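Reader: I am new to reading protein models and would like to go through one step by step. Could we start with the terms and then turn to the chains?

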Amino acid sequence: MAPIFNYRVGALLGKEFGQIRRDRRLALVLILPPTLQLLLLGFALSATVTNIHLGAVDDSRTDESRQLVATLSESKSFRLVRYYVSIDRLGDAISRGEVDAGVVIPYDYDKDLQRGRTTTVQFLLNAINANTAAISQGYAEGVIESYNAGLRAGGLHASFEPIGAQDYSHQGQAQLHPAYLYNPGLKDSWFIVTGVLGMLLILNSCLVASAAMVKEREAGTMEQLLMSPAANSEIIIAKVVPLFVLLFMTAILGAAVMKLAFGVPFHGKLLLVLSAAALCILSGISIGTVNSTFAKSAGQAQLMAFFINPPLASTSGALSPVEAMPKWLQAFTVVNPIHHFAVIARGSMLKGSGFADLWPNFLGLLAITLVLGSVSVWRFRKQLS
Amino acid sequence: MRRIFAQSRKELTQIVRDWRTLTLALVLPLALLLLVSSALSLTVTDLPIIVQDLDDSPASRDFIDAFRASITFHVVAWPVNKQPQQALVSNQARAVLIIPDHFGRDMARGLDAPVQLLIDASDANTAKLIAGYSNRIARAFHKTAGSSQADPVQAEIRFWYNPGRSSKKFLAPGIFVLALSMFPCLLASLAMAKEGEQKTILQVYVSSITAHEFLLGKVLAFMVVAVAEFLLMLIPMFTYFGLGIAGDPTPFIVATVLYAFCVASFGIMVGAAIPNQAAAIQAVSFGGFLLVFLLSGLMFPIANIPAGIRWISFFVWGRYYIDIVRDAMLQGGGWPATWYKVAMVGLIGGIFYAIAWLTMRRMQLET
């Protein structure tokens, strides 16, 4: 068996690199859009909920009720847009999208407070966006809770003395102190960009590889390659290596963008992320190669990529947490290279996990790459013979 | 008029003859709708957490049971001799609840007992949800344990339009619009670019057909494709996703026809401007997919986009149609809430058509 990198591979490599060097557009297409997409996706996709437009119906019209509305709008979460005269008007405003949330204060609000009776304030949330609604609910409850604590402490209203407070035996409360590890600033972009890099690597490797493979066939130069003394495997290696080098540069550039534009900390070893990226690129190239063997032209190959990539990307957990998917879809993430990359990148960069923690994902990624690689070689050979 | 219909018939025949385009036109939108709408949800349930109970008293066990009973969390076993953070690092849990020593004693004495909750915040949104859910569980625990002092003010929260807070109901209209923005215009741009690539466009130039007749014929054909997709996708929308028509359906129907016109014109415009199939696909995947996916409020609110790029969303046609679909299926605001969005869809479609017409006219000889 001849060594894998012999003079024939060298010559073919020279040819491939030469073609890429002359085709400036390819290098540009490979480097520029992924970087831009990473920036755009990282900045544009954010689930943060701030400045919820709040409408208020204040039937009480007292200092106490105005104070509650003020407390709500003082928090960064809510912004008071205007008062409405009736709950119907508020409902119309929510339906028109003028406000996203409404608070309704009953007419006996201050009287109940002064008598020490529990009073109920109604919140109306536009729950079309389930996630925003869940988070707004948390905000509203948090604000009311701290408002209550203020009332009890007597800081705001000395007049509030619960009737019979001394009657029942006072029992302590469990106070939950949440600590946000690994991302104390709760930046959404860190989650998005770590996943999106894997998505872009697969997407671009797939597109570029299928374009490169189809080009040879479209131009009719495939037969010339076959007639050369190089073996099939050598042709494949020579095709893959230059693409790999270019795509790997994209990955490094992506990591740089993460660090510089989004301030993602690199707690773990960069080597882990880069080797995961390398495996991702290889599986992407394999997908592209298999894809190209089914297509007759560059247009068709790109069209076929539409069958593969959007489902692969959206079910990977790159943009949304895996736990939120239905159980049957969660099972499929095991065979999704983007999923493994996202777990590795998040683990290594944000949490500082090492290989000992991430080996299952590496194993998965490696297995996927090997399987896809073998399938692509098999399909490619079949097409050659 | 007859020439317009003849042109459309020719396009539709071409689509039906190619299995790839036909699946692309009819099957893929459906698959995408079903798959992606369930996959992109953000509201998590059944999150693994681990509990370190350093107190091991009846009170602490009751408190843990409150967490165990919720559908949001499931408690995973964790050996006592291992650092709890290790579970977060190795992705075996999303949060750690640590109950300190003397928890039960403090509670009985009437002191407030602090409980630590370590949350893996590498996913910030999920972290916020975890904090909100746990607070709610703790509050409910106090209520049932009867230990709570009466809250002076109680918040009663109502969820309108989507009381079950189902993510699917929010995402399905978005993906529905995404599929409608992608596939018809992809096909349209391919058909148009093909004419340029294979030079069959020259036959059009020398024939007596006018630019308007030619373009309208093509646009009409792909409007038919879009409406067919629309009807096909309505089936899972009404059954699997449990959506329905809320309120007046007329703005929705008008907007759908205009949107079909808008996406078909966009595809034709791209195809006319870029007579190369591969490049046309890339342009459409940028306009039809990326812009509509990112800048239309499909997944995340538009208000969260940084102001520097938010203005772009003003021109993104999908944005208006998503609002219209959500309104029609969930809110039921009718014409007062949506009239200007309907108008915007029509206006943007008109602009696309005008640009396509200008490119065509420039190439055609004056008669």
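Author: Helices here are DSSP runs of H or I with at least four residues, and they are numbered from the N terminus. Please keep in mind that this is a predicted model.

Reader: Which helix holds Glu213(B), and is Glu213(B) buried, exposed or partly exposed?

Author: Glu213(B) belongs to helix H9 of chain B, which covers residues 211-238. A residue is buried with 20 or more other C-beta atoms within 10 Å and exposed with 12 or fewer. Glu213(B) has 19 C-beta neighbours inside 10 Å, so the class is partly exposed.

Reader: Which residues does Glu213(B) touch, not counting residues up to four places away in sequence?

Author: A hint comes from Ala6(B), which is 207 residues apart from Glu213(B) along the chain, while their C-alpha atoms are separated by 9.9 Å. With residues up to four places away in sequence not counted, those touched by Glu213(B) are Arg3(B), Ile4(B) and Gln7(B).

Reader: Why is chain A described as more spread out than a compact globule?

Author: Chain A has 14 helices and five strands. For 385 residues the globule rule gives 21 Å, and the radius of gyration of chain A is well over that, so the chain is more spread out than a compact globule. The C-alpha atoms fill a box of roughly 95 × 45 × 40 Å along the principal axes. The radius of gyration itself is 29 Å.

Reader: What is the handedness of the crossover from S1(A) to S2(A)?

Author: Strands S1 (residues 52-58) and S2 (residues 78-84) of chain A pair in the parallel sense over six bridges. Within this pair, Ala56(A) stands opposite Tyr83(A). Between the two strands the chain passes through helix H3 (residues 63-74) of chain A, and this β-α-β crossover is right-handed.

Reader: What is the phi of Arg61(A), and what is that of Asn91(B)?

Author: Most residues other than glycine have a negative phi. Arg61(A) lies in the loop between S1 and H3 of chain A, and Asn91(B) lies in the loop between helix H4 and strand S3 of chain B. Arg61(A) is partly exposed, with 13 other C-beta atoms within 10 Å, whereas Asn91(B) is buried, with 20. Neither is a glycine, yet phi is positive: about 50 degrees for Arg61(A) and about 60 degrees for Asn91(B).

Reader: Why is strand S4 of chain A largely enclosed, and which residue of S5(B) is the bridge partner of Leu125(A)?

Author: Six of the eight residues of S4(A), residues 119-126, are buried, so the strand is largely enclosed by the rest of the structure. Strand S3 (residues 101-105) of chain A runs antiparallel to S4(A), joined by four bridges, and there Ala101(A) stands opposite Leu125(A). S4(A) also pairs in the parallel sense with strand S5 (residues 153-160) of chain B, over eight bridges. In S5(B), the bridge partner of Leu125(A) is Phe159(B).

Reader: Which strands stand at the edges of the open sheet that contains S5(A)?

Author: This sheet has five strands in the order S5(A)-S4(B)-S3(B)-S1(B)-S2(B), with mixed pairing. An edge strand has a single partner strand, so one side is left without a neighbour in the sheet; the two are S5 (174-181) of chain A and S2 (73-76) of chain B.

Reader: At what angle does helix H3 of chain B run to S1(B)?

Author: Helix H3 (residues 58-69) of chain B lies across S5 of chain A together with S1, S2 and S3 of chain B. The angle between H3(B) and S1(B) is about 175 degrees.

Methods
Residues are numbered from 1 along each chain as its sequence is written. Chains are lettered from A and ligands numbered from 1 in the order in which they are written. This is a predicted model: local features need pLDDT of at least 70, side-chain atom pairs count only at pLDDT 80 or more; totals for chains, interfaces and linings use all residues. Two strands pair if DSSP finds at least two bridges between them. The radius of gyration is taken over C-alpha atoms; the globule rule is 2.2 Å times the number of residues to the power 0.38. Two residues are in contact if their C-beta atoms, placed from the backbone, lie within 7 Å. A crossover is right-handed if, with the strands pointing away from the viewer, the path from the first strand over the helix to the second runs clockwise. Axes are lines fitted to C-alpha atoms, for helices over the stretch in contact, and angles run from 0 to 180 degrees between N-to-C directions.
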